[in-house]
Amino acid sequence: MDSAPERVADTTRLLGIVSGSWKTQAAYVAARLGIADLLAGSPQSAAELAAATATHAPSLQRLLRALATIELVREREDGSFELTSMGALLRDGTPDSLRSWVLHWGGLSWPVWGHLLHSVTTGESARSLVSRTAGFEHLAADPEAAETFHRAMVELTRLVVRDFVQAVDWAGTRKIVDVGGGYGELLVAALTACPGSVGVLFDEAHAIEEGRLHLRAAGIEHRCQFLAGDFFEWVPRGADTYVLKSVLHDWSDDRAAEILASCRRAIPPQGRLLLVERIVPEHVGSSAEDQGLACTDLHMLVQHGARERTEPELRGLLTAAGFRTESVKPLRSTLAVLEAIPVDDAAA
């Protein structure tokens, strides 16, 4: 039987878990209002920030004090507020910014999470219930949402590109196709690691033009081709290296198999596929890493009716599509890169 102190601790912890969503919305509103950028120069009072953001000063002060409790800002002795190092991650356009991810999670994804019960009951995407769209159709119809999503993907990809580049042997690489590459952040890293190579950014039309600008800013647009298309139907041919990062987890096994089949048709006999996905362990614990993985797995469920996968499941998809997995190298945050090569059809 639980002791009284343990029961109190469990009660306090559960209440904190259930009400924890306030932190998401507080960070989201701060990102929308550009609080971090306004505080980047010097501390300001709630009244000054309210004037700059056209908000209700007493209410904004309450938000700022809430942000102080989660260390995104700090309240000074004179009542003004200053930015913390973690709060600086909400600045717009900085190299380590996570602002777009916060806007995506706290804004675009927020209504979908409210229908987790629907997804758990049916195994289907809650987005189709909320917006009557499937997959990424909603991005094609909403340029602002598309830009926020793709910039969020740039921010998350930036966290792992160094590990990715170091984990892969780039010797002999001549042409890289980034399949479903969004704005091409991973392609930037790969081409930088292979100065003599060229690349192809391949995604839907809502990503390609901004992707071109992103690679232009990186100084490598001249080494790239930009193609819009549907990876369920085709993938550009003729490269020696194909990259799929965080693509398969957006889709069911059947749809993931179609994507891999498109890649298999495109990859030459001496080519390779670099598959970057999260790896679900056979058993989970309660560490922060386990909780993060559980969060992304449920996110895939409510967003797309999809899921994260175990290593054997990913290997199985690759094998069924005509690939042999050569290596699995862990990156960070439960991500890993699986390198696979096409199996000769006659030998198979």
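Student: Which side chain does glutamate 221 meet in a salt bridge?
Tutor: Glutamate 221 pairs with arginine 212, at 3.8 Å from N to O. This is a predicted model, and the distance is computed from it.

Student: Buried or exposed, or partly exposed, for glutamate 221?
Tutor: Glutamate 221 counts as partly exposed, because its relative accessibility is 21%.

Student: What else does arginine 212 meet in a salt bridge?
Tutor: The side chain of arginine 212 also meets that of glutamate 209, with 3.6 Å from N to O.

Student: Where do arginine 212 and glutamate 209 sit relative to each other?
Tutor: Both are in helix α14, which covers residues 205-217. They are three residues apart, so about one helical turn separates them.

Student: And how accessible are arginine 212 and glutamate 209?
Tutor: Arginine 212 is partly exposed, with a relative accessible area of 25%. Glutamate 209 is partly exposed as well, at 48% relative accessibility.

Student: Why can side chains like these pair at all?
Tutor: Opposite charges on side chains allow pairing when the charged atoms come close.

Student: How many salt bridges does the count come to?
Tutor: The count comes to 19 salt bridges.

Student: Which residue forms a salt bridge with aspartate 253?
Tutor: That is arginine 309, and the closest N and O atoms are 2.9 Å apart. This pair links distant parts of the chain, with the two positions 56 residues apart. Aspartate 253 belongs to helix α15 (residues 253-266), while arginine 309 belongs to strand β8 (residues 309-310).

Student: Buried or exposed, for arginine 309?
Tutor: Arginine 309 is buried, because its relative accessibility is 2%. Its partner aspartate 253 is partly exposed, with a relative accessible area of 33%.

Student: Which residues do shared partners join into one network?
Tutor: Arg74, Arg76, Asp78 and Glu82 are joined into one network by salt bridges that share partners.

Student: Switching to cysteines. How many disulfides does the structure hold?
Tutor: Zero.

Student: What is the closest cysteine sulfur to that of cysteine 263?
Tutor: The closest is in cysteine 224, 18 Å away, which is too far for a bond. The cut-off for a disulfide is 2.5 Å between the sulfur atoms. Cysteine 263 itself is buried, at 0% relative accessibility.

Student: What about cysteine 295, how accessible is that one?
Tutor: Cysteine 295 is partly exposed, with a relative accessible area of 31%.

Student: Now the open spaces. How much space lies in the second largest pocket?
Tutor: About 280 Å³. It is lined by 14 residues, and those closest to its centre are Arg32, Leu103, Leu108, Glu144 and Thr148.

Student: Which helices each supply at least two residues of that lining?
Tutor: They are α2 (21-33), α6 (99-108) and α11 (143-158).

Student: What about cavities, how many of 30 Å³ or more?
Tutor: There is one cavity of 30 Å³ or more. The largest cavity has about 40 Å³ of space. Its lining consists of Ala30, Ile35, Ala36, Leu67, Leu72, Val73, Leu83, Gly87 and Leu90.

Student: Back to α2. Buried or exposed, for tyrosine 28?
Tutor: Tyrosine 28, which lies in helix α2, is buried, with 15% relative accessibility. Its C-alpha atom is 8.0 Å from that of tryptophan 105, a residue 77 positions away along the chain.

Student: How many residues of helix α13 are buried?
Tutor: Seven of the nine residues in α13 (residues 185-193) are buried, leaving the helix mostly covered. The buried ones are Glu185, Leu186, Leu187, Val188, Ala189, Ala190 and Leu191.

Student: And the surface: which residues form a nonpolar patch?
Tutor: Leu14, Ile17 and Val18 form one, and together they have about 330 Å² of accessible area. Of these, valine 18 lies in helix α1 (residues 4-18) and counts as exposed, at 62% relative accessibility.

Student: Last topic, backbone angles. What is phi of alanine 54?
Tutor: Phi of alanine 54 is near 55°, a positive value in a residue other than glycine. Alanine 54 sits in the loop between α4 (46-53) and α5 (57-69), and is exposed at 72% relative accessibility.

Student: And what is phi of serine 333?
Tutor: For serine 333 phi is also positive, near 55°. The residue is in the loop between β9 (323-330) and β10 (335-342). At 42% relative accessibility, serine 333 is partly exposed.

Methods. Residues are numbered from 1 along each chain as its sequence is written. This is a predicted model: local features need pLDDT of at least 70, side-chain atom pairs count only at pLDDT 80 or more; totals for chains, interfaces and linings use all residues. Side-chain values use heavy atoms; hydrogens and water are left out. Patches are made of residues with over 30% relative accessible area and no salt bridge: like charges are joined within 9 Å, nonpolar side chains (Val, Leu, Ile, Met, Phe, Trp, Tyr) within 5 Å. Accessible areas come from the Shrake-Rupley method with a 1.4 Å probe; for residues, only the protein chains shown count as cover. A salt bridge is a side-chain nitrogen of Lys or Arg within 4 Å of a carboxyl oxygen of Asp or Glu. Helices (H or I, at least four residues) and strands (E, at least two) are DSSP runs, numbered from the N terminus. Buried means under 20% relative accessible area, exposed over 50%, partly exposed in between (1.4 Å probe, protein chains only). On a 1 Å grid over the protein atoms alone, a cavity is a set of points where a 1.4 Å probe fits but cannot get out, and a pocket is an open set with protein on both sides within 12 Å along at least five of seven lines; lining residues have an atom within 4 Å of a point. Grid points are joined across faces, edges and corners, and a volume is the space filled by probe spheres set on the points.
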